[in-house]
Amino acid sequence: MSPITAASASLNSITLTRPDDWHLHLRDDAVLASVLPHTAKQFARAIVMPNLKPPVTTTAAALAYRERIIAALPEGMRFEPLMTLYLTNNTTPDEIRRARDSGLIHAVKLYPAGATTNSDAGVTDLRLCYPTLDVMQQCGMPLLVHGEVTDPAIDLFDREAVFIDQVMVPLRNDLPELKVVFEHITTKHAADYVSSASGPIAATITAHHLLYNRNAIFLGGIRPHYYCLPVLKRESHRLALVKAATSGNPRFFLGTDSAPHSKGAKEHACGCAGCYTALHAMELYAEAFDQAGALEKLEGFASLFGPSFYQLPVNSGQITLQRQDWTLPMELPLGNSTVVPLNAGETLRWKAV
Ligand code: NCD
Ligand code: ZN
């Protein structure tokens, strides 16, 4: 671990190029209207996940979803949704060409069937998708990977590491020029793989995986708001993620994976996976980088490396984070229900101003 540097320890305020969120769940309809302002306040753009019900599998559906997002944006707020397609066994090469030609669809998401929330339509055998992936490779369309195997015989905590060997390495051997983002990595295995692999590979890291280990799910009782997929891992993995995020390696960039579920769907006998962090995402990342004595590395991670991987311009405008205590609400409106944000009722030490 790097010691706290004098420069970052004395910082009480930090101004960054306006950041982007490279992995976000916005949902639809009334829920979309509730959550979108939180993201738009902090981020200029976000890669919008396609796991709606039904999933966003076509260019036409993605463009219609984009229109609904833009319509839900409050007057005076600026935000650009970067759309994605949900890869299925039946996604055709032509669909990829249509997506690319639209200029508004920036990636295709691979959910192994059954891996997480709304992933039932996901891919059952990646080899079925090879003609489609080949076109993606040719036209530079990134594949965003939920990197967990779904075999129930594999221990839940090992599913990311096993995915690297069973799926990621063979896939990238077969399609070495395919741009791949290993989404929301949670293990040292994934951080090491992404640092050392050759070719166009990157990874997103959530704020909650930088701040918490799996003890958080069980602290004094079961805490459903800390349950997400891939699940939080042990402390040694968290430390490896912090090291990767604060390394200055442009392969690692910000993706909140903010995933709203109603309070009732989380506080349930079979609670949904997903942490809601859109309200306070940059504050959480600032806390994680500050704890590591690496605030000066936050701008690259949050604002520069993502655009470079996606070949998009860096944003104009800035965001300022101040060392200032503030307390999160216990609940926020979510359509006709409520959502409990991560850290509900807790006091944070950084505030976006
Ligand atoms: C996400 C969701 O709720 O859509 N949940 C989560 O725990 N991260 C799905 C996902 O990204 O895996
Ligand atoms: Zn997600």
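Where is the place of Pro-54? The legend of View 4 gives the answer, after the zinc site and the salt bridges.

This is a predicted model in which local features need pLDDT of at least 70, side-chain atom pairs count only at pLDDT 80 or more, and totals for chains, interfaces and linings use all residues. Residues are numbered from 1 along each chain as its sequence is written, chains are lettered from A and ligands numbered from 1 in the order in which they are written, and side-chain values use heavy atoms, with hydrogens and water left out.

**View 1. The zinc ion (ligand 2) and its protein donors His-23, His-25 and Asp-257.** The donor atoms are NE2 of His-23, NE2 of His-25 and OD of Asp-257, lying 2.0 Å from the zinc ion. Donors are N, O and S atoms within 2.8 Å of the metal (3.2 Å for Na, K and Ca); water is not among the atoms, so sites may look incomplete. Along the chain, the donors follow the spacing H-x1-H-x231-D. The arrangement is irregular because the 4 donor atoms subtend angles of 93 to 139 degrees around the zinc ion. Four donors count as tetrahedral if all angles lie between 85 and 135 degrees; four count as square planar and six as octahedral if opposite donors are over 155 degrees apart and all others between 65 and 115; anything else is irregular. His-23 and His-25 are both buried, and Asp-257 counts as buried at 5% relative accessibility. Buried means under 20% relative accessible area, exposed over 50%, and partly exposed in between (1.4 Å probe, protein chains only).

**View 2. Salt bridges within helices α4 and α7.** A salt bridge is a side-chain nitrogen of Lys or Arg within 4 Å of a carboxyl oxygen of Asp or Glu, and by this rule the count comes to 13. Glu-95 pairs with Arg-98, their closest N and O atoms being 3.0 Å apart. These two residues are separated by about one helical turn because they stand 3 residues apart in helix α4 (residues 93-102). Helices (H or I, at least four residues) and strands (E, at least two) are DSSP runs, numbered from the N terminus. Glu-95 is buried, with a relative accessible area of 10%, whereas Arg-98 is partly exposed at 44%. In helix α7 (residues 188-196), Asp-192 and Lys-188 are 4 residues apart and form a salt bridge of 2.7 Å, N to O.

**View 3. The salt bridge between Glu-287 and Arg-349.** The N to O distance of this pair is 2.6 Å. Distant parts of the chain are linked here, with Glu-287 in helix α11 (residues 281-291) and Arg-349 in strand β13 (residues 347-352), 62 residues apart. Glu-287 counts as buried at 12% relative accessibility, and Arg-349 as partly exposed at 43%.

**View 4. The cis peptide bonds before Pro-54 and Pro-230.** Most peptide bonds are trans. The bond from Lys-53 to Pro-54 is cis, with omega near -5 degrees, and Pro-54 is placed in the loop between β3 (45-48) and α3 (59-72). The bond from Leu-229 to Pro-230 is also cis, with omega near -10 degrees; Pro-230 lies in the loop between α8 (207-211) and α9 (235-245).

**View 5. Positive phi at Asp-29 and Asp-257.** Asp-29, which is not a glycine, has a positive phi of about 55 degrees. This residue is found in helix α2 (residues 29-42) and counts as exposed at 60% relative accessibility. Asp-257 has a phi near 55 degrees and is found in the loop between β9 (252-254) and α10 (263-266).
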